[in-house]
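Student: I've got a model open and want to talk through one helix and the sheet beside it. Can you walk me through it?

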Amino acid sequence: MTPFKGKLRVRHLEIVLAVAELGNLSRAAAQLQTSQPSLSRAIAEIEELVGARLFERTAKGSHCTPLGLAMCRHARQLLIDFRKAEVDMAALLRGDQGSLTVGCFALFSGWPAAPAARRFRADFPRITLSIEVGTHEQLIEQLDAGAIDLLVSRYSAAVNPQIYRSVTLLNDPVVLACAPGHTLTTRPGATLADYARYPWITALPGSRIRAELEMNLVQAGLPVPDMIGALSPEFSRELLRDSDYLWMLPGSVAAVHQARGELAVLPVLPGIQPSPLAAIWRRDRPSSRPARAFTARMAQAIRHDLPPGQPFALRMA
């Protein structure tokens, strides 16, 4: 294999990833805004550098060889490092004092992440702040790759404490909510069986919470209601408004929206095993001062915004 130094370029990494992800040379060429012959020549050049084929070409497209998969893994990491370097250096050139990228589980991206970001920006105006929103699985991969500095998400059993450190921010149940004018708000004695007669907005299919919910309903002898899997608060609030849908969401988030008059929290819980909301970072990358400051602003938002009397526990470790 020819040494990479001075020969392997950023464009080569982008080409390998585009072909691997799209599995088709013509689509990859279109995405990279080049011609297919030019792309084929570039792949041949990269394969000459590494000394072996990265892709197997078949009638159904291009598929990574084992070496190609390894190349993709390193290419993603290198491109993430380049992007982080660009963000940090751009911040310093503007006179800022660095950058912080926070990954936030989608259902907490409105509250408490937004008020925490406002507090952080007021106290640290010279730190470039970015918020990445997604599922826990997507964000933990980005944390591992170094694309984000801090993860705000549920701390589940899948989070290995030997790899990750965390600060617990909140322990709250999963609840069901509906529009303020929903029929169920006039039926205080309604049961979970009554709830199951209405359509629900829930966790995504294939997720742990969705599987746990469906298992609990079946074990209770209840029908699984018509469900839409969604993690977008904006989508869920819009669907909830003036409709019969019930929304399954964190109790703390529901309490804040109920205090604003945007929804009504139903008294019977769906029986999902709660997991604490936590700020998470990797042990091999000690938390920075901005990351610790953002975590503290999250805790401030939770203490300030939760309505009085909520039984949710708050513990700063």
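Tutor: Sure. Helices here are DSSP runs of H or I with at least four residues, numbered from the N terminus. Keep in mind that this is a predicted model.

Student: Okay, which helix does Arg292 lie in?

Tutor: Look for the run covering residues 289–305. Arg292 falls within that stretch, and the helix is α11.

Student: Is Arg292 buried, partly exposed or exposed?

Tutor: Buried needs under 20% relative accessible area and exposed needs over 50%, with partly exposed in between. Arg292 has a relative accessible area of 47%, so Arg292 is partly exposed.

Student: Which backbone oxygen does the Arg292 side chain reach?

Tutor: Check for N or O pairs within 3.5 Å. The Arg292 side chain has such a partner at 2.7 Å, and that backbone oxygen belongs to Ser287.

Student: On to the sheet: what is the strand order?

Tutor: It's an open sheet of 5 strands with mixed pairing, in the order β4-β3-β5-β12-β6. At the edges, β4 (128–134) and β6 (164–170) each pair on one side only. From one strand to the next, the twist averages 20°.

Student: How many bridges join β6 to β12?

Tutor: β12 covers residues 277–282 and runs antiparallel to β6. Val167, for instance, has Ala279 in β12 as its bridge partner. The number of bridges joining these two strands is 6.

Student: And at about what angle does α11 run to β6?

Tutor: α11 lies across β3 (99–105), β4, β5 (150–154), β6 and β12. Comparing N-to-C directions of the fitted axes, the angle of α11 to β6 is about 20°.

Notes. Residues are numbered from 1 along each chain as its sequence is written. This is a predicted model: local features need pLDDT of at least 70, side-chain atom pairs count only at pLDDT 80 or more; totals for chains, interfaces and linings use all residues. Side-chain values use heavy atoms; hydrogens and water are left out. Buried means under 20% relative accessible area, exposed over 50%, partly exposed in between (1.4 Å probe, protein chains only). A polar contact is a pair of N or O atoms within 3.5 Å; within protein, one must be able to donate a hydrogen and the other to accept it, and residues adjacent in sequence count only if both atoms are side-chain atoms. Two strands pair if DSSP finds at least two bridges between them. Axes are lines fitted to C-alpha atoms, for helices over the stretch in contact, and angles run from 0 to 180 degrees between N-to-C directions. Contact means heavy atoms within 4.5 Å.
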